[in-house]
Amino acid sequence: MRRLVIGWWFRQSPSRQDRLATLGPLISVLLFLAAIISAFWYLRNEEIERETESVKRDTEIAQQQIRLRLIENQEQLARIAREVVTRQIDAHEFSAQAQAFARERPELTHVTWLSAKRGRRSSVGAAGFQADGLMSADGDDPSMPMPNQSNAAEIAFEAAKERRQPVYSPPFADANGTTVFQLHIPLIDRGGFAGVLIAEYTVEALLRYYVPSEVATRHSIAVLDAREQVVSSTVTPMPGQVLRRAALLHDVPLAPALNGLVLRGQGWRTSIGLISNTLFWMVLALAGLTVWMLLGTWRHMRRRTQIQSALTLETNFRRAMENSMLTGMRAMDMDTRITYVNPAFCAMTGFSETDLVGRTPPYPFWPTDRREENARLLQQELQGRSPSGGVEVKIQRKDGSLFDARVYVSPLVDTKGKQTGWMTSMTNITEAKRVRDQLTASHERFTTVLEGLDAAVSVLSVQPPELLFANRSYRLWFGADPAGHALLAGGQLVGTTSRRGLPDSSDEVDDYSGLPAEALTDIGADPREVYVESLAMWFDVRARYLQWTDGRLAQMLIATDITMRRHAEAQAALQAEKAQVTSRLMTMGEMASSVAHELNQPLTAITNYCNGMVSRVRNDSIDKDALMAALEKTAKQAERAGQIIHRIRAFVKRSEPQRQPAHAADIVEDAVELAGIELRRRNVAIHTYVAQRLPQMMVDPILIEQVLMNLLKNAAEAIDNASLPTSRRHIELRVVPKHSAELGGQIEFSVTDMGPGLPDEVLARMYEAFFSTKADGLGIGLGLCRSIVESHQGRIKAENLYNGGLVVGCRFAFTIPVTITSEHLRQEASAGVAGSAQRTEPTTP
């Protein structure tokens with residue numbers, strides 16, 4: 001074991017041995033202190049246990065003495081009760097025996113014989129004399145059982161009567177205020193209850209006479225009631241003084257009464273506590289002082305160990321840093337002799353440490369043709385005249401290859417401030433020179449690309465507004481003035497404008513000063529179109545905030561000339577407008593015969609009315625009322641013809657598209673009235689259904705009317721060309737509100753016919769420009785309808801209707817977006833087709 005311990009000790013490091021040598025005495029002192037405290041604690045616990053056992057023993061002795069006395073009294077009273085029941089004694093003889101019994105027992109206050117109806121037969125006081133004033137039914141004596149009451153005497157009386165055995169009453173205060181309890185012994189005469197014998201005890205007398213004096217001397221014995229209140233005690237406190245609670249307590253019941261009274265033994269500790277023990281505190285102070293000294297020694301040694309470890313760590317760190325550096329380090333003494341080189345220097349030159357240490361100029365890594373120049377540069381560096389940026393030299397490796405290097409020389413000074421040599425650091429800059437040359441070429445290429453762009457590119461600093469870059473296109477249009485940048489940005493310089501997402505300039509915000517440039521560079525602006533009046537040109541401008549090369553926040557603008565595109569868009573809009581007007585004129589041209597027929601009816605009626613009135617006027621056969629009626633009919637026919645012409649003029653009128661609030665019912669009414677001419681000519685009926693209380697639409701009503709006219713005319717032509725029977729020669733026009741999660745609220749216009757439908761190839765190509773299934777068609781109708789609907793952010797679709805596998809019609813539908821509430825949908829669902837539909841069935845000629 002000794003060899004094992006010694007071997008283990010010598011295997012530990014010196015620092016660990018120091019820690020263990022310091023911790024050994026510290027642990028010994030702590031163990032000694034723990035042993036002393038444990039000894040004190042053990043002795044104190046032993047004494048407390050002895051005192052507790054003594055209190056317990058004395059309490060049980062007092063309980064036994066009182067118990068024996070109560071049992072003896074109970075037996076004597078039971079004997080007297082038997083004599084009373086067997087009538088061996090009468091009331092006079094009972095009084096004699098009770099007097100003899102009471103004189104020998106000072107704990108009794110009285111002995112009383114009560115009948116079954118609580119009548120007093122005899123009563124003897126505590127001194128052994130007849131006490132006629134006791135237990136009177138007429139008085140307010142708490143010791144007397146009273147019927148229909150709940151005092152302690154009555155409770156014991158009823159219990160004795162019921163159980164037919166001796167009963168102890170709960171404690172109570174008698175007429176003198178003394179705490180007493182009663183023993184009730186029932187008198188049973190031939191199985192019937194004949195009364196009780198009552199013996200009343202005072203608690204104070206029981207303690208005084210039956211607790212042994214040696215027990216009362218050692219400990220305090222007290223009687224407590226059910227509420228933990230002291231009824232009587234062997235120790236009487238001084239007036240106004242409250243006894244402190246005993247540390248040692250032992251409770252036992254007051255047997256054999258078992259009426260809620262508890263006999264409590266109390267003891268106080270006589271030993272000095274651990275905290276109050278002077279010897280304990282002296283030992284603790286000495287142990288603490290020893291521990292403090294050992295801790296101080298251990299802390300001092302730990303500090304020295306830490307310093308030693310830090311020194312070792314620093315040395316190892318410096319060595320590792322020097323060995324891992326990519327920069328070559330070389331130390332020279334005052335005679336320029338090499339004294340140290342790091343691995344990086346050896347890796348650069350290819351020479352080993354043994355090849356270089358101790359060498360003097362010329363060094364082996366100097367090129368042969370540059371030795372004089374390198375010697376001159378070395379002397380210049382040693383004299384302190386080298387530039388702060390170092391010297392760029394050529395270095396020759398051991399294999400003869402050359403590389404560019406930058407050399408820095410600084411003096412080596414020891415701790416006393418004396419120079420001991422020089423330290424040279426060398427960096428290979430061959431790759432850096434190559435990268436620098438490439439960056440220069442890349443910058444030239446990038447600048448060439450920016451200069452060759454057709455778009456104007458400019459960069460303006462935020463604070464202060466300064467034009468940092470402008471390419472050739474910018475200079476061509478705006479020169480070198482930053483006002484051009486401000487004009488493209490919105491009319492002001494960026495340093496005085498507020499950007500989207502940033503607060504405006506005010507007293508609280510000083511433009512962009514203090515804002516993080518890193519966050520602003522991520523903020524871009526949506527492209528916008530700007531018109532420059534001085535150049536009469538349109539530009540598409542895109543802006544972005546970026547961090548300039550010097551860290552300043554700047555705004556970059558890229559402005560592309562879109563003047564030609566704007567002109568093309570304007571021309572396309574003009575052509576679209578012309579196409580719309582042309583389409584309406586073509587529609588009216590196709591309906592010309594129908595319009596002529598429609599106008600011919602009111603004109604013929606006017607002619608007939610006029611001729612009739614002329615004839616009757618000549619014959620003088622017309623009165624004034626008839627003439628007025630004929631003129632009114634003529635005026636109505638003329639008004640009808642004027643309305644037809646007015647609607648046709650409004651439909652074919654060329655005007656700019658104008659969105660305005662419009663109701664679907666008005667548009668449908670106008671379109672149906674115009675299309676009715678063509679429908680009546682082709683003998684096609686139309687049924688319209690317009691939902692009630694539709695929301696207003698923001699549309700161009702003429703364009704929407706044109707779409708409906710085109711769809712109705714196409715449906716009528718399809719029915720007429722197919723020569724369908726009368727039962728299928730009708731068209732249904734429905735206008736209902738709809739709502740979907742994808743498109744939101746919308747109003748749907750649908751035109752459904754019972755015609756032959758459309759082939760699949762026609763459904764796939766019907767919106768193509770100049771595609772038509774008519775021999776004389778131009779193929780611009782449905783394509784124009786689609787353009788009109790989509791210009792209103794709506795959609796149009798067509799589908800065939802099937803009955804099984806048979807095509808029974810075709811349905812065209814387009815939607816216009818609106819705001820539809822749940823009330824519109826509820827009203828539409830509850831109204832029903834019959835109640836809310838507006839139907840029109842034109843009469844066919």
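**Exercises on strand pairing in a predicted model**

Trp113 has Ser122 of strand 2 opposite to it. The model examined here is predicted.

**Exercise 1.** Determine how many bridges join strand 1 to strand 2, and which residues these strands span.

*Solution.* Begin with the extents: strand 1 covers residues 108–115 and strand 2 covers residues 120–125. Next, take the pairing: the two strands run antiparallel and are joined by five bridges. Finally, consider the connection: the strands form a hairpin with four residues between them. In that turn, Arg118 has a positive phi of about 70°.

**Exercise 2.** State the strand order of the open sheet that contains strand 20, and explain why strand 17 and strand 18 each have a side without a neighbour.

*Solution.* The order is 17-16-20-19-18, with antiparallel pairing. Strand 17 (467–470) and strand 18 (528–532) stand at the edges; each has a single partner strand, so one side of each lacks a neighbour in the sheet. From one strand to the next, the twist averages 30°. Within this order, strand 16 (residues 456–461) is joined to strand 20 (residues 553–561) by six bridges. Ser461 stands opposite Ala554 in strand 20.

**Exercise 3.** Identify the edge strands of the open sheet ordered 22-24-25-27-26, and the bridge partner of Ile747.

*Solution.* This sheet has five strands and mixed pairing. Its edges are strand 22 (685–690) and strand 26 (795–803), each with a single partner strand. The twist averages 20° from one strand to the next. Strand 25 (residues 744–753) pairs with strand 27 (residues 806–817) in the antiparallel sense over eight bridges. The bridge partner of Ile747 is Ile816, in strand 27.

How values were computed:
Residues numbered from 1 in each chain as written. Predicted model: local features only at pLDDT ≥ 70, side-chain atom pairs only at ≥ 80, totals over all residues. Heavy atoms only, no water. Pairing = 2+ DSSP bridges. Axes fitted to C-alpha atoms, helices over the stretch in contact; angles between N-to-C directions.
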